[in-house]
Structure formats: C-alpha cells, structure tokens
Amino acid sequence: MDLIVKFLPVFGILGLLYVFIKNVWISKQEVGDDKMARIAKNIADGAMSFLKAEYKILSIFVVAVAVLLFFKGSNEAGSNGMVAVSFVVGAICSALAGFIGMKVATKANVRTTHAAKTSLGKALEVAFAGGAVMGLGVVGLGVLGLSGLFMIYSGQGWEIGEVLNVLSGFSLGASSIALFARVGGGIYTKAADVGADLVGKVEAGIPEDHPLNPATIADNVGDNVGDVAGMGADLFESYVGSIIGTMVLGAAFAALPEFQSAFDGLGAVYLPMALAAVGIVMSIIGTFFVKVKDGGNPQTALNIGEFGSAGLMLVVSYFLITGMLPESWVEAGKEYTAMGVFWATIAGLVAGLLVGKVTEYYTGTGTKPVNSIVRQSETGSATNIIAGLGVGMMSTAIPIILIAAAILVSHYFAGLYGIAIAAVGMLANTGIQLAVDAYGPISDNAGGIAEMAELPKEVRERTDKLDAVGNTTAAIGKGFAIASAALTALALFAAFMKTAGVKSIDVSQPDIMAGLLIGGMLPFVFSALSMNAVGRAAMSMIEEVRRQFSDIPQLKAALEVMRKYDSDLSKASKEDIEIFEAADGLAEYEKCVAISTQASIKEMLLPGLLAIAVPVAVGFIGGAEMLGGLLAGVTTAGVLMAIFQSNAGGAWDNAKKTIESEGRKGSDAHKAAVVGDTVGDPFKDTSGPSLNILLKLMSVVALVIAPSLVSLSSPDDVAIVKEDGTMITITEEGMKETKAIEKQIRVEVSNTEDGAYKAIVTTSTSVNGETVEETEEFTADTKEALEKKIEAYKNSLE
C-alpha cells in the first residue's frame with residue numbers, strides 16, 4: 001500500500017500513456033475516400049473553432065478568478081494564496097480533457113465509418129478506442145493533477161486542513177470549466193440539431209444528415225462539443241470533486257490514535273486517491289473485453305467491459321480499504337470499521353449501476369415507457385409531449401430511492417465519510433464508464449458521415465446499429481452522471497459544513513428556510529436560461545437554413561428533385577440526377593457552424609456566473625448556515641430536475657427512432673415524434689446534464705469560501721478564566737460560572753529490545769476537582785516518527 005501512495009502520480013501518467021498509444025493506433029486507421037475525408041475535416045474544423053472561441057473567453061474568466069482567489073487565500077487563516085494555482089491547474093486539466101476527447105472523437109468518427117465497410121466488429125473497435133481515449137484522458141489528468149498538487153503542498157509544512165483547503169481550488173477550476181463546457185456545448189449542439197430537424201426533416205422532407213441540409217455539419221460538430229467535451233468535463237469534475245470531498249472528511253480522522261501507525265495518520269485522506277488510481281488500471285483492463293463479431297450485439301460487448309471492470313474494482317477495493325484503514329476506530333463517540341467503509345463503497349458502486357439500468361428502462365428502444373410515447377404520437381404532437389413529460393416525471397422515483405438508499409446505507413456503515421467514499425466508489429471506474437459513453441457520439445457522427453457521403457446501405461445499417469446502442473449508453477451515462485453528482489454534492493456539502501463549523505441545518509430558522517427556497521428555485525431559473533438560450537440560437541439557425549434553401553438555386557432545385565421522388569433517387573431520371581448532383585457541396589455549412597458557435601459562447605455566460613455568484617452572495621450576506629440551506633435546496637431540486645429532463649428527452653428521442661425503424665418516416669405519427677424529440681433535445685443535452693454541474697459547483701464554491709465565513713462570524717460565547725481556575729461564560733442567555741478543566745500530560749520515552757522507541761503518555765484530567773488518568777502507549781522506528789505520533793495525540797486532546 002505504501003508503494004501505491006508513494007507513486008500515485010505514476011497511475012495518472014499510465015492513463016495518459018494509454019491515451020497516447022490508442023491515439024496513435026486510431027491515426028493509423030484508414031479514413032476512406034476524398035468525400036468522407038472532406039466531410040470529416042469540416043466537422044473537425046467546426047469543433048476546433050468552437051473550442052478555440054470558448055477557451056478564449058474562459059481564459060479571461062480563469063485569470064480574473066485566480067487573482068481574486070490569490071488575494072482571498074493570502075489574507076485569511078487556514079488558507080494560502082496557492083489556492084489560485086490549484087484553481088488554474090484544475091481549469092487547465094478540465095479544458096485539456098475536453099480538448100483531447102474532441103480531437104480524438106473527430107478523428108475516430110470517419111475511421112469508424114470506413115471500418116463499417118468491413119464489419120460491425122471493426123467499426124465498434126475504432127469507435128470504442130476513440131471513447132477510451134476520452135475516458136482514460138479524464139481519469140489520468142484527474143489523478144495526476146490531484147496527487148501531484150497534494151504531494152507538493154504536503155511538503156510545505158502546512159497543516160492538513162490548509163493543504164486540503166488550497167487543494168479544493170483544483171475542484172473549483174474543474175467545476176467552472178465543466179459548467180461552461182456543458183452549457184455552451186449543449187446550446188451549440190441543440191441549436192444545430194433543432195435547425196437540422198425542423199427545417200430539414202419536417203419542412204423540406206430530407207434526412208437530418210443529408211448533404212443538402214446546411215445545418216448537418218453543425219449538427220455533427222454539436223455531437224462532439226456536447227456529448228464528448230461536455231460529458232468529459234462533467235465527469236472529470238465529479239471525479240475530482242468526490243475525491244476532494246472525501247479527503248476533507250477523512251482529515252478528521254488524522255489525529256485519532258488508531259490511524260497513527262501508518263501513512264502519518266492520513267490513511268483516510270490517501271484512500272480516495274488510491275481507489276481512483278487503481279481504478280485507472282481496472283478501466284484499462286476492462287477495455288480489452290470489448291469485442292463483437294458480425295451479427296453480435298455491441299451492447300453485450302460494452303456491458304462485459306463495463307461490468308467486468310466494476311467486478312475487478314470491487315475485489316481490489318477490499319484490499320485497498322482494509323490495508324489503508326485501521327480495523328476499527330472511534331470518532332465522536334461512534335465506532336467505525338474498515339469493513340464498514342468497504343460496504344459504503346459497494347453501496348455507491350451498486351447504486352450507480354442500478355440508476356444507469358433504470359435510466360435504460362425509461363429511455364431504451366422497445367421498453368414500455370417509450371412504446372407508450374409511440375402510441376400517443378398517433379394522435380398528434382400534444383399527446384406525444386404529454387406522454388413524454390409523464391415518463392420523465394415518473395422516472396425520478398426509482399433513481400431517487402436508490403440514491404437515498406445508498407446515502408442511508410453508506411452513512412450507517414461509515415458516517416459522512418461513508419457517503420463521500422460511496423461517491424468515489426461510484427466513480428472509480430470513470431475511465432471505462434466514460435469510454436462507453438463517448439463511444440455514442442462517435443458512432444452517431446459515423447452514421448452522419450455515411451449518410452452525407454452516400455455510402456452503401458449496409459454501411460449505414462452497421463453504423464445505425466452502433467448508434468442505437470450509443471443512444472442507450474448515452475442515456476445510461478447521463479443517469480450515472482446524475483447519481484454521482486448527487487453523492488458528490490452531498491460529500492462536498494458535508495465537507496463545507498465541517499470546514500465552516502456548521503453543526504446542523506435547522507429549517508425552522510427563517511434565514512435557513514429562505515436559503516432552502518432560493519436553492520430550490522435555482523435549478524428552475526438555470527434550466528429556463530439554458531432552454532431559452534437554445535430557443536434563441538435555434539431561431540437563428542432555422543432562419544439561416546430557410547434562407548439557403550430559398551436563395552441558393554441549385555439547393556432549391558435539388559430539394560424539388562428529392563420531393564418528386566420521395567427521397568428515393570433510385571427512381572430518378574438522368575436529368576434529375578444531374579440537377580441533384582449539381583448541388584453537392586454548395587450548402588454553406590460554415591455559416592451554420594458560426595451561428596451555433598457565437599450563440600453558445602454568448603449564452604453560456606449568465607448561467608455560469610449565476611452558479612458562482614449566488615453562493616458567494618448568500619454566504620457573505622446570510623452566513624454559513626443560510627448558505628447550507630441554499631445547498632440543501634439546490635441539491636434536492638436539482639437532482640430531481642436533472643433526472644426528469646434527461647429521461648424525458650431520451651424517451652422522446654427513442655420514440656422517434658422506433659417509429660423510423662418501423663418504416664413510418666413522414667407519417668403524422670413521425671411528425672409528432674419529431675416535434676417531441678425537438679422539445680426533448682435541450683432537456684436531455686443542455687439543461688438536464690448542466691444541472692449536475694450546478695449542484696457540485698455551488699458546493700465547491702461554498703467549500704472554498706468556508707474559511708472566510710468562519711473568520712467573519714463572531715463567536716457565540718465569550719469565556720474568561722479567573723486566576724483561581726473559575727471559568728465565567730457569557731452567552732445570550734446570561735452569565736454562568738464553572739470550574740475550568742485542567743489537563744496535565746506526562747511523557748516517558750524509552751527504547752525497546754529491538755532498538756525501536758517507545759513512549760508512555762499519561763493524561764491527567766481534572767474537572768471540578770475530580771481527576772481521571774488515561775494512559776496510551778506508542779512505538780516507532782525513529783525518534784522523529786515517535787514525536788509526530790505524540791504530537792498528533794496531544795492535538796486530539798485539545
């Protein structure tokens with residue numbers, strides 16, 4: 001175990017080495033013909049232009065916040081100006097995770113399309129390799145950044161509380177970038193998607209990925225910026241947030257005598273980083289299990305990799321937890337055990353997997369909830385939307401019960417530390433979980449490229465099979481992200497309460513109730529801002545697509561040919577084929593890309609700033625308790641809203657796909673389903689997923705400002721000790737007089753037979769004239785180590 005702790009950054013480097021190897025392998029795969037290469041280049045250029053514009057704005061934000069954090073940390077006890085460095089490193093790692101994922105996804109999409117010409121198995125191999133780069137890039141950067149900074153700060157001679165407060169800036173940087181990436185990416189992808197769907201499918205009657213559709217490149221770019229870079233930043237932020245929250249809560253055990261025999265008392269602090277580090281290895285092993293033959297089911301292959309990795313992680317977790325924690329210990333009068341922490345870890349992992357499976361039931365093709373939406377599409381758009389809303393609302397019940405059960409079970413076995421370690425257990429396999437999730441948009445892009453390049457029917461059938469599984473894995477990934485967000489937010493909330501000295505949240509107090517209500521309101525306002533942003537951006541996109549269809553003669557003529565033959569050009573005359581081919585490449589894709597980029601960058605700022613400004617304002621105006629109420633409200637309402645929106649959107653999407661798979665494209669039911677899917681798109685890809693980050697970001701902001709709130713609050717009681725040892729305490733209720741508690745500590749040091757050092761520490765406690773003695777014995781190989789143990793024991797008595 002000592003070796004794992006000593007070489008924690010090496011595990012991060014291992015993850016990044018795997019990323020490099022897979023990236024090289026993907027680059028060596030064939031791209032396909034010139035048309036495919038041109039389409040892929042348009043998608044890649046659009047994705048990179050978005051990232052460049054987004055990161056330019058975010059760099060200004062990062063510098064401004066870093067300056068504020070430096071002055072804040074430099075001027076308060078228990079913190080340090082280096083919190084600004086942590087913030088910048090966290091922001092860079094989060095941005096880098098998105099950049100790596102985007103770069104490889106836009107490289108893997110066209111290679112997946114070309115591989116689909118050969119076989120389904122080869123196409124899955126390329127698409128999943130692209131996803132694995134995203135997954136392992138996220139966990140590699142997370143472990144390397146966190147463990148590296150922790151080791152640097154620990155060597156500065158700071159107290160562990162100061163180290164962790166400074167380190168929490170890393171999570172704040174990751175959360176800030178993640179929120180902007182999620183909101184900006186979601187607005188981008190849905191503006192393009194709505195434009196491509198409504199004008200292309202409903203008005204013009206052509207497929208959304210048809211090369212005549214000017215919004216099709218922007219739509220494919222959106223899959224990457226929303227579901228690759230956005231999801232990557234989301235889970236990166238959950239990953240580091242859960243680890244830091246657990247480390248803060250684990251620091252409370254550092255002074256206990258049971259922990260002094262190993263890791264300088266920091267076994268509970270190192271444990272979450274060790275679990276994350278070993279999770280990288282288990283995720284890499286899991287990727288080798290993902291294989292499928294032609295005729296096989298890609299979902300089965302992905303499940304084998306994911307569940308196989310989870311099983312291995314459970315076994316390794318047992319040895320890590322029992323090796324790094326004492327068999328049992330007592331804190332605040334309650335006994336905890338290493339096995340209890342292990343059961344808490346299992347509770348988190350099982351809850352995450354089950355929430356994913358429940359999400360699959362409510363959003364998967366062919367399930368009862370989705371079929372109910374299909375049936376109600378027969379009577380029009382209104383009944384389709386009512387059915388989708390009903391499915392989304394009902395889908396909150398079981399996931400909330402599962403999350404609540406995980407909280408209760410983990411708290412029963414290991415207290416607040418157990419809840420935090422449950423979040424770590426849920427996220428330990430983030431590497432392969434994100435690989436499975438990022439595979440989805442790569443497959444979706446591959447299908448789009450096959451459609452635009454007009455490849456043979458069997459190629460599109462293979463990419464559609466991968467894409468159908470990708471929709472399910474994306475829905476499961478969103479469910480997993482929501483469950484992990486709930487536990488991570490709770491872990492960070494508990495860490496905030498401990499740091500700020502808040503003992504409880506009493507909702508009978510008016511200021512706390514006010515904070516609770518404001519917190520419950522925020523997810524609705526946040527969702528409204530992001531939904532309205534999608535609506536405005538989509539209007540601009542729709543107007544641009546309509547303009548091109550009417551103003552570009554060749555496009556207009558080609559659309560007439562498409563309508564004439566009901567999109568089946570095999571029946572077209574030679575003259576009509578020539579008219580259609582004359583329009584190839586004339587759609588002005590770059591104008592649609594520019595509209596999505598500009599709209600998303602502009603609209604992401606207000607929701608992002610809201611998440612940071614509100615907890616700061618409430619904390620400094622209303623105090624730590626009111627801020628605690630705010631966090632409780634936003635977590636409760638936010639988790640429910642996130643599940644509802646993500647699952648409603650997913651169910652609408654697959655209801656539309658079910659109707660299409662039945663060969664009923666263009667029917668009234670299909671048109672109603674397209675409208676429902678269009679409403680659901682910003683639900684599942686913009687506001688729903690963004691709420692996960694809102695919960696965690698607000699908790700991280702609260703944790704970072706907690707030392708400032710402590711220093712601003714005045715003590716409730718004033719105590720004066722007289723010369724005779726009498727303590728006079730002045731409270732709001734009046735003045736009371738008691739005998740002061742007196743402690744005397746005697747230390748006797750000697751050598752053992754094997755040359756080690758032994759100390760017997762006797763503590764005499766006198767309370768109102770009655771004296772009680774307690775004796776503790778410590779041993780160590782060196783005198784310095786023995787002195788550290790004695791000092792830690794003395795601190796625990798204070």
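Which residues does Asn445 touch, not counting residues up to four places away in sequence? Let's keep that one in mind for a moment, everybody, and start with the whole picture.

What you see above is a predicted model. The protein chain has 798 residues, arranged with 23 helices and eight strands. Along its principal axes, the C-alpha trace spans about 110 × 60 × 45 Å. How does its radius of gyration fit with a compact globule? For 798 residues, a compact globule would have a radius of gyration near 28 Å, and this protein chain has 29 Å, so the two agree.

Now look inside. Buried residues make up 60% of the chain. And consider the contacts between residues at least 6 apart in sequence: 79% of them join residues at least 24 apart.

Back to the opening question. Asn445 touches Ile43, Asn109, Asn220, Asp223 and Asn224, leaving out residues up to four places away in sequence. You'll find Asn445 in helix α14, which covers residues 430-452. With a relative accessible area of 0%, and buried meaning under 20%, Asn445 is buried. Take Asn109 from that list of contacts: its side chain is joined to the side chain of Asn445 by a polar contact of 3.1 Å.

Stay in helix α14 a little longer, because Ser443 lies there too. Is Ser443 buried or exposed? At 0% relative accessibility, Ser443 counts as buried. Setting aside neighbours within four places in sequence, Ser443 is in contact with Ala127, Thr463, Leu466 and Asp467. There is also a distance to look at here: Ser443 and Ala468 are 25 residues apart along the chain, and their C-alpha atoms are separated by 8.9 Å.

Next stop, Ile187. This residue sits in helix α6, residues 160-204, and Ile187 is buried, with a relative accessible area of 0%. Which partners does Ile187 have, leaving aside its neighbours within four places in sequence? They are Ser530, Ala533, Val534, Ala537, Ala599, Ser600, Glu603, Met604 and Thr686. If you'd like a distance to try in your viewer, pick Ile187 and Ala66: 121 residues apart in sequence, and 27 Å apart in space from C-alpha to C-alpha.

Let me show you a helix with two sides. Helix α12 has 14 residues, 381-394. At 1.5 Å a residue, α12 should span 20 Å, and its end C-alpha atoms are indeed 20 Å apart, which agrees. Which residues of α12 are buried? Asn384, Ala387, Gly388, Val391 and Gly392 are. Seen down the axis of α12, these buried residues fall within an arc of 135 degrees, so they line one face of the helix. On the other side of α12, Ala382, Ile386, Met393 and Met394 are exposed. Try turning the model until you look along that helix.

Last topic: cysteines. A disulfide is a covalent bond between the sulfur atoms of two cysteines. How many disulfides are counted in this model? The count comes to zero. As for where some cysteines sit, Cys93 counts as buried because its relative accessibility is 10%, under the 20% cut-off. Cys592 is buried as well, with a relative accessible area of 0%.

That's my tour. Thanks for listening, and please bring your questions!

Terms used: Residues are numbered from 1 along each chain as its sequence is written. This is a predicted model: local features need pLDDT of at least 70, side-chain atom pairs count only at pLDDT 80 or more; totals for chains, interfaces and linings use all residues. Side-chain values use heavy atoms; hydrogens and water are left out. Helices (H or I, at least four residues) and strands (E, at least two) are DSSP runs, numbered from the N terminus. Buried means under 20% relative accessible area, exposed over 50%, partly exposed in between (1.4 Å probe, protein chains only). A polar contact is a pair of N or O atoms within 3.5 Å; within protein, one must be able to donate a hydrogen and the other to accept it, and residues adjacent in sequence count only if both atoms are side-chain atoms. Contact means heavy atoms within 4.5 Å. A disulfide is a pair of cysteine sulfur atoms within 2.5 Å. The expected span of a helix is 1.5 Å times one less than its number of residues. The arc is that of the directions from the helix axis to the C-beta atoms. The radius of gyration is taken over C-alpha atoms; the globule rule is 2.2 Å times the number of residues to the power 0.38.
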